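Student: I am new to this structure and would like a guided look at it. Could we go through it step by step?

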Amino acid sequence: MLKKIELRTKLKAITKVNTDFDIGVVNKLHEIIKNKVVCTYIPLKNEININGYLTTQALLSTTCVDNNKTKVCIYEEPFEKNKFDVYQPINLKIIDKVDIFLVPGLGFDYKGTRLGKGKGIYDSLLSEFPESLYFGITDKEHLVDHIPHENHDISMHGLITHDEFIEINI
């Protein structure tokens, strides 16, 4: 069984594919996010961009850093890079209710375990929203059979790839 460090190295070496999403996946996504408060991410060059498909939510938000703490704010341009070298809105409008989180990751397993960059930022943020649903955004090349799970790891309720919507614990 590969350890998290070895898995990170292996998965970082595989380029993520940014291609069109299957219409069935998009329809299921629209159904789930309809009239909900959705927190997405502003993708880095190695992350899948799902944001162009987000059209049925009530409010779109994203993560941000405010006073050295990761929070959720309304998604609106213009953007600037924060201390983690991730884009966020310049004018932060913090919110405290999120129905659905769309979460990037280096990899995921079919049980919903997420492999992040190792800093625990998403685990910490998601733990503050225990009533929300969490969906990992990935491609098939970054789905693995097993990722070691630790007590602080927050599991996803589902996974979304370009051609599959995988429900785990909805």
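**A first look at the model**

Tutor: Let us begin with one residue of this predicted model: N67 counts as exposed, because its relative accessibility is 69%.

Student: Where is N67 found?

Tutor: N67 sits in the loop between β2 and β3. Its phi is near 55°, which is a positive value in a residue other than glycine.

Student: What sign does phi have in most residues other than glycine?

Tutor: Most residues other than glycine have a negative phi. D85 is another residue with a positive value, its phi being near 65°. D85 is placed in the loop between β4 and β5 (87-89), and with 46% relative accessibility it counts as partly exposed.

Student: And which peptide bond is cis?

Tutor: The bond from E77 to P78 is cis, with omega near 5°. P78 belongs to the loop between β3 (69-74) and β4 (79-81). In general, most peptide bonds are trans.

Student: Let us step back. How many helices and strands does the protein chain have?

Tutor: The protein chain has three helices and 13 strands. Its radius of gyration is 15 Å, close to the 15 Å that the globule rule gives for 170 residues, so the chain is as compact as a globular protein of that length. Its C-alpha atoms fill a box of roughly 45 × 35 × 30 Å along the principal axes.

Student: How much of the chain is buried?

Tutor: Of the 170 residues, 48% count as buried. The chain exposes about 9,100 Å², and carbon and sulfur atoms supply 48% of that area.

Student: Take S61, then. Is it buried or exposed?

Tutor: S61 counts as buried, because its relative accessibility is 0%. S61 is part of strand β2 (residues 59-66).

Student: What does S61 touch, leaving aside neighbours within four places in sequence?

Tutor: Its contacts include V37, V38, C39 and T40, as well as V72, C73, I74 and Y75. I95 and V98 are also among them.

Student: Two cysteines there. How many disulfides does the structure hold?

Tutor: The structure holds zero disulfides. For C39, the nearest cysteine sulfur is that of C73, 7.9 Å away.

Student: Why is C73 not bonded to C64?

Tutor: The sulfur of C73 is 3.5 Å from that of C64, its closest cysteine sulfur, and this is too far for a bond because a disulfide requires the sulfur atoms to be within 2.5 Å. Both C39 and C73 are buried, with relative accessible areas of 1% and 0%, respectively.

Student: Changing topic: where is I32, and what is it in contact with?

Tutor: I32 lies in helix α2. Apart from neighbours within four places in sequence, I32 is in contact with I100, F135, F165 and I170. It counts as buried, at 16% relative accessibility, because the cut-off for buried is under 20%.

Student: How far is I32 from Q57?

Tutor: Their C-alpha atoms are separated by 8.9 Å, and the two residues are 25 residues apart along the chain.

Student: Last one: which residues does D22 touch?

Tutor: D22 touches H162 and D163, not counting residues up to four places away in sequence. D22 is in the loop between α1 (4-12) and α2 (23-33), and it is partly exposed, with a relative accessible area of 37%. Measuring C-alpha to C-alpha in the model, D22 and I154 are 27 Å apart in space.

Notes
Residues numbered from 1 in each chain as written. Predicted model: local features only at pLDDT ≥ 70, side-chain atom pairs only at ≥ 80, totals over all residues. Heavy atoms only, no water. Helix = DSSP H or I, 4+ residues; strand = E, 2+ residues; numbered from the N terminus. Rg over C-alpha atoms; globule rule 2.2 N^0.38 Å. Buried < 20%, exposed > 50% of the residue type's maximum accessible area, 1.4 Å probe, protein only. Areas by Shrake-Rupley, 256 points an atom, 1.4 Å probe, with all protein chains shown as cover. Contact = heavy atoms within 4.5 Å.
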